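Me: Got a minute to go through this one with me? I'd like to begin with the core.

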Amino acid sequence: MPGQRERSGAAVRAGRGRALWMVVGALVLCAVGLWVSARLTWSFLLEDGPGGARPVTETGGQRLPGLVALAVVAVAGVAGSLATGGLALAISGLAAAWFGLDGAAAVFGEHPAGYPVAEIALARALAVLSGVGIVLAGMALVLRGHRMPQLGARYRSPAPARDSDDDGRWWRALSEGDDPTTGD
């Protein structure tokens, strides 16, 4: 039945579009997660000074400038997911997750009073979760990207034009000094 085929084709196209929007949504959410993580405290030290010990903190962006760069990569991956695969995204997600995990065990050790355990743990957890989300989105693009909508034909470069026999005749006429637009 032709009507059923058309409906099932429309359902398939809708499913492909939904998958793409899920990847795009995940990348945007993960980029926001990385950005928030970069704004939170990642390290806390007590420095001795003339007035006594004073707390010194670093945000994720100060400690790891690459964290913000990975958030930008995730946002760029939204546009890139429409045109390319996601292997680079998956690799950047691994880097974000590594940033969050590297040294995370020290967060739960002995610390001085005022140590922001909850904020540091949240910052690192956001980086790890965002990294895992980017890895999953990138792998979805690698494995299923060929089934998702791609850029339309109007955005692709046109096929090279073939020289017709008329073109060759016109060039020969010009080479001989004749006007190819008059007569035959």
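**Core, helix and strand**

Reply: Sure. This is a predicted model. Its largest nonpolar core has 22 residues, and those with the most contacts inside it are Leu-27, Leu-34, Leu-67 and Ile-134.

Me: Which helices each supply at least two residues of this core?

Reply: That would be α1 (2–39), α3 (66–80), α4 (87–101) and α5 (117–144).

Me: And where does the largest share come from?

Reply: From α1, with eight residues of the core.

Me: OK, back to Leu-67. What does Leu-67 touch, leaving out residues up to four places away in sequence?

Reply: Leu-67 is in contact with Leu-34, Ser-37, Ala-38, Trp-42, Gly-60, Phe-99 and Ala-127. Leu-34 is also one of the residues with the most contacts inside the core.

Me: Switching to α4. How many residues does α4 have, and how far does it reach?

Reply: There are 15 residues in α4, and from first C-alpha to last it reaches 21 Å, close to the 21 Å expected at 1.5 Å a residue.

Me: Which residues of α4 are buried?

Reply: Leu-89, Ala-90, Ser-92, Gly-93, Ala-96, Ala-97 and Gly-100. Looking down the helix axis, these fall within an arc of 165°, so they line one face of α4.

Me: What's exposed on the face turned away from that buried side?

Reply: Leu-87, Ala-88, Ile-91, Leu-94, Trp-98 and Leu-101.

Me: What happens just after α4?

Reply: Gly-103 sits there with a positive phi of about 85°.

Me: New topic: Ser-43. Is it buried or exposed?

Reply: Buried, because its relative accessibility is 10% and the cut-off for buried is under 20%. Ser-43 belongs to strand β1 (residues 41–49).

Me: What does Ser-43 touch, again skipping residues up to four places away in sequence?

Reply: Val-56, Thr-57, Glu-58, Arg-63 and Ile-120.

Me: Let's zoom out. How many helices and strands are in the chain?

Reply: Six helices and two strands. Going from the N terminus, the order is α-β-β-α-α-α-α-α.

Me: And what share of the chain is buried?

Reply: Of the 184 residues, 29% are buried. The chain exposes about 12,300 Å², and carbon and sulfur atoms supply 63% of that.

Me: Last one: what about contacts between residues far apart in sequence?

Reply: Taking contacts between residues at least 6 apart in sequence, 64% join residues at least 24 apart.

Key
Residues numbered from 1 in each chain as written. Predicted model: local features only at pLDDT ≥ 70, side-chain atom pairs only at ≥ 80, totals over all residues. Heavy atoms only, no water. Core = buried A, V, L, I, M, F, W, Y, C linked by side-chain atoms within 4.5 Å. Buried < 20%, exposed > 50% of the residue type's maximum accessible area, 1.4 Å probe, protein only. Helix = DSSP H or I, 4+ residues; strand = E, 2+ residues; numbered from the N terminus. Contact = heavy atoms within 4.5 Å. Expected span 1.5 Å × (residues − 1). Arc of directions from axis to C-beta. Areas by Shrake-Rupley, 256 points an atom, 1.4 Å probe, with all protein chains shown as cover.
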